[in-house]
Amino acid sequence: MRKAKPKKRILLPDPKFGDVMVTQFVNNLMVDGKKSIAYGIIYDAFDRFADKAEKEGKSVLEFFKKALENITPAVEVKSRRVGGATFQVPTEIRGPRKVSISMKNLILYSRKRSGKSMAEKLAAEIVAAYNQEGAAFKKKEDMHKMAEANRAFAHFRF
């Protein structure tokens, strides 16, 4: 490696729940540096599925974390060129990248959903992820299927 690894930035926990994961989610959700709006959206989304979390006997934060866990991929495929041919090589994903991918997928598919407000769409996608359905969960399943299909090329890992 030519350059030194960049220092990991320490995130401050969010004001309402005191959780770093919520802050990371807000940072991914934020557009054009509008962090207060992003906090408003996520807290509104949490309020929208609070009754569903209560029915499950969980706090809103536990519900959210379980939904994220359900859409977190374990393996991904990376393109690797070997002797003129390009192979899709399945590789395991590091811990922080797993979480980042799941958050970004949740936000991406929330934005694509139909609904009035972003909070409404985000809440619907979180509930769908908790129930192991929805577009973000399907994306994780597709990733795993691709890795499984290309398992024969696993020996090309670097």
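Here are a few notes on the core, the salt bridges and the main pocket of this predicted model.

1. Ground rules. The model is predicted, so local features need pLDDT of at least 70 and side-chain atom pairs pLDDT 80 or more, while totals for chains, interfaces and linings use all residues. Numbering starts from 1 along each chain as its sequence is written, and side-chain values use heavy atoms, leaving out hydrogens and water.

2. The core. The largest nonpolar core (buried Ala, Val, Leu, Ile, Met, Phe, Trp, Tyr and Cys joined through side-chain atoms within 4.5 Å; buried is under 20% relative accessible area, exposed over 50%, partly exposed in between, with a 1.4 Å probe and protein chains only) has 34 residues, and Ile 42, Phe 46, Phe 49, Leu 106 and Ile 126 touch the most other members. Helix 6 gives the largest share of this core, 8 residues (helices are DSSP runs of H or I, at least four residues, and strands runs of E, at least two, numbered from the N terminus).

3. Leu 106. Beyond four places in sequence, Leu 106 has contacts (heavy atoms within 4.5 Å) that include Phe 25, Phe 64, Leu 122 and Ile 126.

4. Salt bridges. The whole structure has 9 (a Lys or Arg side-chain nitrogen within 4 Å of an Asp or Glu carboxyl oxygen). One of them joins Arg 97 to Glu 76 at 2.9 Å, N to O. That pair links distant parts of the chain, helix 5 and strand 1 (residues 75-82), 21 residues apart. Glu 76 is buried at 7% relative accessible area, whereas Arg 97 is partly exposed at 36%.

5. Another pair. Arg 151 and Glu 148 also form a salt bridge, with their closest N and O atoms 2.8 Å apart. Arg 151 is exposed at 54%, and Glu 148 is partly exposed at 48%.
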